[in-house]
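Please find below my notes on two of the helices, set out as numbered points. They are best read with the coordinates open alongside.

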Amino acid sequence: MNYKYMKPNFDCTVLVLSSDTYQPILKIWDFYHKKNWKCPFKVLTISNRKPYKSKDIECVVTGVKWDENASHFKPMVLEGLKKVTTKYVLFMVEDQIIVNPVESNNFYHALNYMERNDITKLRCISMPEPDLPLLGVSEGPINNINFGTISEKNEYRNSLQAAIWNKDRFIELLKSTKGDFSGWVLETDPTLRNYSKKWNYIACRQGKGGTLLTRDEGQTDSPLLQYVELVRWGKFDSLYIDYFKEMFAKDNIDITTPEYELFGGNLAKEDLPQ
C-alpha cells in the first residue's frame with residue numbers, strides 16, 4: 001500500500017439540506033451527528049428565513065421563500081454552496097439520521113480516492129447500488145468490494161442519498177437547467193441525468209438491503225455513513241418508527257411534543273406513511 005495517501009484530507013465541508021419547517025428534524029440530526037461522529041469538517045445547514053442555532057452547525061439563512069412544489073430546493077442549495085470553501089462537500093438531508101459511529105479516516109480515504117481518480121460524486125450508501133466495477137486505483141475501504149461505478153444509464157445517478165460531491169461540478173449541474181426546481185427533479189429529470197454523464201460517479205455497495213435496517217447476504221454496514229431515514233412524505237416513516245422510538249427513549253428525545261406534531265409525533269404507527 002502507498003502510505004503517501006494515508007494522510008488526513010480535510011478538503012471537505014458537510015452541507016445539510018433543511019428548511020425552516022424541518023428544523024425540529026434537523027435538531028435530531030444534529031444530536032446524532034454529534035453523538036456518532038467527531039467530525040473534522042465544518043458543518044453547514046440552510047434555512048429559509050429562520051436561523052438554526054447550534055454550537056456545531058453554522059446556518060446559512062438563504063432568504064429563499066418556501067414553495068409548495070419544493071422548487072426552493074435549487075436556489076437554497078446554491079446559496080449554501082456559496083459558503084463552502086472546500087473542493088468537496090458531503091451533501092446530506094436532515095432526515096438522514098446517523099445511527100452508527102463514523103470513522104473519519106475512511107472519509108480521508110474517500111477524498112483521496114476522489115482526488116486521484118477524478119470522481120465527481122461518491123454515494124455513501126447502497127441506495128441504489130452501483131452497476132459497474134470501481135474505477136481507478138482503490139484507496140483503503142474504497143475498493144471494489146465496498147464500492148463500484150454508477151453507469152451512465154443508471155436511472156438514479158443524481159439520487160439525493162448522502163454523497164460526497166465535487167462542489168464546483170455540483171453547482172454546474174444545478175445551473176445546467178434554467179429555472180428553479182425540486183430535489184425530486186434533480187433525482188429524476190433526464191436532462192440533468194444526461195448532463196451528468198460526462199462525470200464519474202461512484203456508489204457504495206453496502207449499507208442497505210431490503211431496508212435501511214436489513215442487509216442482503218454478504219452485505220455489511222457502509223464504511224462511510226450508516227444512516228436511517230426518519231421522515232417519509234412529511235411524516236415519521238412507519239417502517240422505521242419503532243427503531244427510532246427505542247433509540248430516542250435511550251437518549252431522552254421526546255417526539256410527542258408540539259414541535260413534532262406536524263410530523264406525526266402523536267400518531268399511531270398505522271396512521272403514519274406505509
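1. In this predicted model, helix α3 is followed by Asp 118, a residue whose phi is positive, near 55°. At the opposite, N-terminal end, α3 is capped by Glu 103, which places a side-chain oxygen 3.1 Å from the backbone nitrogen of Asn 105.

2. Between these ends, α3 runs over residues 104-117, and its 14 residues reach 20 Å from the first C-alpha to the last, which is close to the 20 Å expected at 1.5 Å a residue.

3. How many of the 14 residues of α3 are buried? Eleven are, and the helix is accordingly described as mostly covered. Aromatic side chains appear among the buried residues, including Phe 107, Tyr 108 and Tyr 113, and so do Asn 106, Asn 112 and Asn 117. The cover over these buried residues includes strands β1 (12-17), β4 (88-93), β6 (119-123), β8 (163-166) and β9 (200-204).

4. In helix α4 (residues 167-175), the buried residues are Lys 167, Phe 170, Ile 171, Leu 173 and Leu 174. Because they cover an arc of only 160° around the axis, they fall on the same side of α4, whereas Asp 168 and Lys 175, on the other side, are exposed.

5. The buried residues of α4 pack against the helices α2 (73-82), α5 (183-188) and α6 (190-196), and also against β4, β8 and β9.

6. The N-terminal end of α4 is capped by Asn 166, with a side-chain oxygen 3.2 Å from the backbone nitrogen of Asp 168.

Key: Residues numbered from 1 in each chain as written. Predicted model: local features only at pLDDT ≥ 70, side-chain atom pairs only at ≥ 80, totals over all residues. Heavy atoms only, no water. Helix = DSSP H or I, 4+ residues; strand = E, 2+ residues; numbered from the N terminus. Expected span 1.5 Å × (residues − 1). Buried < 20%, exposed > 50% of the residue type's maximum accessible area, 1.4 Å probe, protein only. Contact = heavy atoms within 4.5 Å. Polar contact = N/O pair within 3.5 Å; in protein donor to acceptor, adjacent residues only side chain to side chain. Arc of directions from axis to C-beta.
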